[in-house]
Amino acid sequence: MEYIPNILFAILLIAGVGYFAKNVKKLSRNINLGKDVDRSDNKSQRWKNMGMIALGQSKMVRRPIAGFFHIIVYVGFVIINIEVLEIIIDGLFGTHRVFTKILPDSIYGFLIGTFEVLAIAVLISVIIFWIRRNVIKLKRFLSAEMKGWPKSDGNIILYFEVVLMTLFIVMNAADVKFQEAGVGNVISQYLYPLFEGNIEMAHIIEKTAWWLHIAGILVFLNYLYFSKHLHILLAFPNTWYANLQPKGEFVNDANVTKEVMLMMDPNADPFAAPAEGEDEGEPEKFGASDVQDLNWVQLLNAYTCTECGRCTSECPANQTGKKLSPRKIMMDTRDRLEEVGKNIDANKGKFVDDGKSLLNDYVTTEELWACTSCNACVEACPVSIDPLSIIMEMRKYLVMEQSAAPTELNVMMGNIENNGAPWPYNQMDRLNWKDEN
């Protein structure tokens with residue numbers, strides 16, 4: 001009978017980690033539906049970016065208030081969860097605060113004391129975040145795409161943090177042996193008088209808080225896959241694989257480049273047959289109409305999006321009342337990717353055409369053509385997401401596959417083709433303006 005709690009704990013741990021691993025496999029499968037792209041260059045800069053941006057939170061603090069409290073929650077989340085290792089050992093082997101037998105009292109006391117201070121700091125930060133979302137109601141949390149589940153998701157994670165931090169403090173406060181030792185109980189000692197009058201009840205409360213704390217952590221771990229808070233894990237690879245090219249430099253399409261070079265070569269025969277052994281194959285689709293047409297880094301971007309709205313709040317098109325919201329572009333891409341993933345799961349590993357696409361069913365052409373391609377959204381993102389690259393891929397599809405550019409662009413492109421310039425003047429008349437009085 002004495003081993004039943006350990007067996008139950010092992011089952012809970014295996015189930016929680018197993019379900020998480022299953023979802024990670026599904027996540028990896030969905031991301032790899034994208035086209036291949038090589039992002040292995042300049043490794044030193046990539047490691048630096050990951051260290052500064054993902055670990056160091058350097059872009060978060062550009063908005064100092066949110067950045068400061070986010071760092072507290074982030075540091076608290078990482079450091080306090082070191083204590084989970086002790087809980088796992090205790091749960092599997094039936095020990096009680098096993099690290100007290102391994103570490104000197106001074107070190108153990110410093111660690112637990114730090115955890116308790118951080119837990120209170122996290123609680124305060126989370127409450128402030130909740131007030132910003134639900135009382136002050138910051139504008140960037142009130143956009144149309146932030147209704148329903150996205151709004152609830154933001155609050156649910158805050159409630160998770162409040163419950164987990166509270167359980168941690170209560171667990172320590174009701175632990176009579178821990179309180180009597182007086183090592184590391186810098187916060188919980190003030191709650192201990194609530195429990196010291198009834199040792200039996202204190203023991204029950206402590207074990208209940210202990211079980212709920214570890215169960216809550218495992219639930220939180222598996223909730224991440226369904227939440228925007230997946231960025232807790234994906235921010236690191238996302239910043240590593242971010243585009244290092246200068247902002248505003250677009251990738252040349254190899255097929256278009258080949259055609260242009262052929263046109264510019266005075267000795268080339270445009271009607272010549274392909275060289276022997278050269279297989280032209282199927283012409284590649286220009287741009288993207290659905291998530292499978294994007295590259296895997298863009299799909300990783302979609303899953304990494306924190307829905308913080310910094311991109312949208314910096315977008316000049318959005319500021320002037322246009323329909324475009326870079327945040328919505330990323331949310332739509334993730335939602336469509338999830339829909340495609342469920343389609344594959346339902347059809348035994350194969351995607352069956354569902355008559356839908358990212359373009360039109362999720363993202364409208366009005367949104368795409370509102371973009372000024374200024375890169376403000378890319379610069380603003382705290383985890384190096386690139387909404388502009390997805391916008392430009394869908395615009396490329398509209399122009400090159402459907403000839404569906406706005407009239408103004410079609411006129412300009414026609415002028416470039418016929419006159420060598422965006423203006424409707426013959427090349428011979430281009431300098432006539434200099435003769436005007």
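**Exercise 1.** Find the salt bridge that Glu339 forms and place both partners.

*Solution.* Glu339 pairs with Arg336; their closest N and O atoms are 2.7 Å apart. A salt bridge here is a side-chain nitrogen of Lys or Arg within 4 Å of a carboxyl oxygen of Asp or Glu. Next, the location: both residues sit in helix H14 (residues 326–346), three residues apart, about one turn of the helix. Helices are DSSP runs (H or I, at least four residues), numbered from the N terminus. Then burial: Arg336 is buried, at 0% relative accessible area. Buried means under 20%, exposed over 50%, partly exposed in between (1.4 Å probe, protein chains only).

The model is predicted: local features need pLDDT of at least 70, side-chain atom pairs count only at pLDDT 80 or more, and totals for chains, interfaces and linings use all residues. Residues are numbered from 1 along each chain as its sequence is written, and side-chain values use heavy atoms, without hydrogens and water.

**Exercise 2.** Locate the salt bridge between Lys396 and Glu393, then say which residues form a network through shared partners.

*Solution.* The Lys396 and Glu393 side chains meet at 3.7 Å, N to O. Both lie in helix H18 (residues 387–400), three residues apart, so about one helical turn separates them. Glu393 is partly exposed, at 22% relative accessibility. Salt bridges with shared partners join Asp290, Arg336, Glu339, Asp354 and Lys356 into one network.

**Exercise 3.** Describe the salt bridge between Lys247 and Glu379.

*Solution.* The N to O distance is 3.6 Å. Lys247 lies in the loop between H9 and helix H10 (254–264), Glu379 in helix H17 (residues 376–380); the pair links distant parts of the chain, 132 residues apart. Lys247 is partly exposed at 48%, and Glu379 is partly exposed at 35%.

Conventions
Helices (H or I, at least four residues) and strands (E, at least two) are DSSP runs, numbered from the N terminus.
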